[in-house]
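Dear colleague,

I am handing over the structure we spoke about, and I would be glad if you could look through it alongside the notes below.

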Amino acid sequence: RWVLLAVWAGAMPACWIALRAQVPWTAMVGAILAVKCNDIGAYFAGRAFGRHRMVPWISAAKTWEGFAGGAVASIAAGAWVGSQLPVGVWHVP
């Protein structure tokens with residue numbers, strides 16, 4: 001288990017550094033922003049509208065409404081970031 005933790009802790013920054021060499025920094029910020037917006041959107045939608053539990057024996061607080069709110073928030077953040085990036089950013093040689 002500790003070996004996997006060490007590999008993951010080293011591989012994750014290495015992947016981000018390698019990806020950073022391929023795409024602009026705004027794409028990197030956009031990826032992080034989409035994940036954080038998913039968390040925030042799921043939390044607030046789940047608190048406001050959450051009625052139907054997903055899997056109560058695994059996590060009692062997860063709801064389908066929170067899932068939908070997180071999906072909408074991350075899609076909106078990704079669309080906004082995508083509109084800010086220059087055209088053809090993913091075709092960098």
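What follows is a short account of what was found in it, going from the pocket to the core and then to one residue in the first helix.

Please keep in mind that this is a predicted model, and that the values below are all computed from it.

The largest pocket holds about 240 Å³ of space. Its lining is made up of Ala 42, Tyr 43, Gly 46, Arg 47, Gly 50, Arg 53, Met 54, Ala 61, Lys 62, Thr 63, Gly 66 and Phe 67, which by class amount to five nonpolar, four polar and three charged residues. Helix H2 (25-49) and helix H3 (64-84) each contribute at least two residues to this lining, and the largest share, four residues, is supplied by H2.

Turning to the interior, the largest nonpolar core consists of five residues, namely Val 23, Ala 27, Met 28, Val 81 and Leu 85. Within that core, Met 28 deserves a second look, since leaving aside residues up to four places away in sequence, Met 28 touches Trp 16, Leu 19, Arg 20 and Val 23, the last of which is itself a member of the core.

Finally, Trp 2 lies in helix H1 (residues 2-20). Is Trp 2 buried or exposed? Trp 2 counts as exposed because its relative accessible area is 68%, where the cut-off for exposed is over 50%. Computed along the chain, Trp 2 and Gly 70 are 68 residues apart, and their C-alpha atoms are 32 Å apart in space.

With best wishes

Notes:
Residues numbered from 1 in each chain as written. Predicted model: local features only at pLDDT ≥ 70, side-chain atom pairs only at ≥ 80, totals over all residues. Heavy atoms only, no water. Buried < 20%, exposed > 50% of the residue type's maximum accessible area, 1.4 Å probe, protein only. 1 Å grid on protein atoms, 1.4 Å probe; cavity = no way out; pocket = protein on both sides within 12 Å on 5 of 7 lines; lining within 4 Å. Points joined across faces, edges and corners; volume = space filled by probe spheres on them. Nonpolar A, V, L, I, M, F, W, Y, C, P; charged D, E, K, R; others polar. Core = buried A, V, L, I, M, F, W, Y, C linked by side-chain atoms within 4.5 Å. Contact = heavy atoms within 4.5 Å.
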